[in-house]
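This report covers the helices of one chain, the residues between them and the surface they leave open. The sequence and the structure come first.

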Amino acid sequence: MRKLLFTALNTIALLGLAAVAFAADGAASGISPMAAWGSAVGMGLAALGCGIGQGLGVKGACEGLARNPEVGGKLTTTLILGLAFIESLAIYALVVCLILLFVKPLGA
């Protein structure tokens, strides 16, 4: 519990300091603040989902290898392929977030 509280407080402090560090005018950069928040939240959720998916995939592979060591080669190949597909989802989310940031949607 103490570690979770420490992590949460550090996260809040770093988010507060980031606003001061990047205190440039939004109009000067041409990036709308809502687009910046949307892309930050979107990429955060995508990274969270992909991290959970990769963790569950590795967990399943380790359990499968522990139960049946003879299928190690097939299991490793399938695991690496699955992890690559999951990682590509995070890259797609990054591309969508960059499009949201730098392309003006709806003629704005």
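The expected span of a helix is 1.5 Å times one less than its number of residues. Helix α4 covers residues 72-102, and its 31 residues should therefore span 45 Å; the C-alpha atoms at its ends are 45 Å apart, in agreement with that value. The model is a predicted one.

## Overall layout

The chain holds 4 helices and 0 strands. Read from the N terminus, its elements follow the order α-α-α-α. Helix α3 takes up residues 33-67. With 35 residues, α3 reaches 51 Å from its first C-alpha to its last, close to the 51 Å expected at 1.5 Å a residue.

Of the contacts between residues at least 6 apart in sequence, 78% join residues at least 24 apart. The chain has 108 residues, and 9% of them count as buried. Its accessible surface comes to about 8500 Å², with 77% of that belonging to carbon and sulfur atoms.

## Packing of α3 and α4

Which residues of α3 are buried? They are A35, S39, A46, C50 and A61, and the buried residues of α3 pack against α4. On the other side, the buried residues of α4 pack against α3; these are G72, A90, A93, C97 and L101.

S39 in helix α3 gives a detailed view of this packing. Its relative accessible area is 6%, which is why S39 counts as buried, the cut-off being under 20%. Leaving aside residues up to four places away in sequence, S39 touches C97, L100 and L101. Of these contact partners, C97 and L101 are among the buried residues of α4.

## Cysteines

Two buried cysteines appear in the helices: C50 is listed for α3 and C97 for α4. C50 has 10% relative accessibility and so counts as buried. For C97 the value is 10% too, so C97 is also classed as buried.

A disulfide is a covalent bond between the sulfur atoms of two cysteines. The structure holds 0 disulfides.

## Glycines along the helices

G49 lies in helix α3. Its relative accessibility is 40%, so G49 counts as partly exposed. How many residues separate G49 from A90 in sequence? The separation is 41 residues, while their C-alpha atoms are 8.6 Å apart in space. A90 itself is one of the buried residues of α4.

G82 is found in helix α4 and, at 28% relative accessibility, counts as partly exposed. G82 and G53 are 29 residues apart in sequence, and the C-alpha to C-alpha distance between them is 9.6 Å.

## Nonpolar surface patch

W37, V41, L45, L48, I52 and L56 make a nonpolar surface patch of about 670 Å². An α-helix has 3.6 residues a turn, so residues three or four places apart point the same way.

Is L56, a member of this patch, buried or exposed? L56 has a relative accessible area of 54%; the cut-off for exposed is over 50%, so L56 is exposed. L56 is placed in helix α3, the helix whose buried residues pack against α4.

Key: Residues numbered from 1 in each chain as written. Predicted model: local features only at pLDDT ≥ 70, side-chain atom pairs only at ≥ 80, totals over all residues. Heavy atoms only, no water. Patch = residues over 30% accessible without salt bridge, like charges linked within 9 Å, V, L, I, M, F, W, Y side chains within 5 Å. Areas by Shrake-Rupley, 256 points an atom, 1.4 Å probe, with all protein chains shown as cover. Salt bridge = Lys/Arg side-chain N within 4 Å of Asp/Glu carboxyl O. Buried < 20%, exposed > 50% of the residue type's maximum accessible area, 1.4 Å probe, protein only. Disulfide = S-S within 2.5 Å. Contact = heavy atoms within 4.5 Å.
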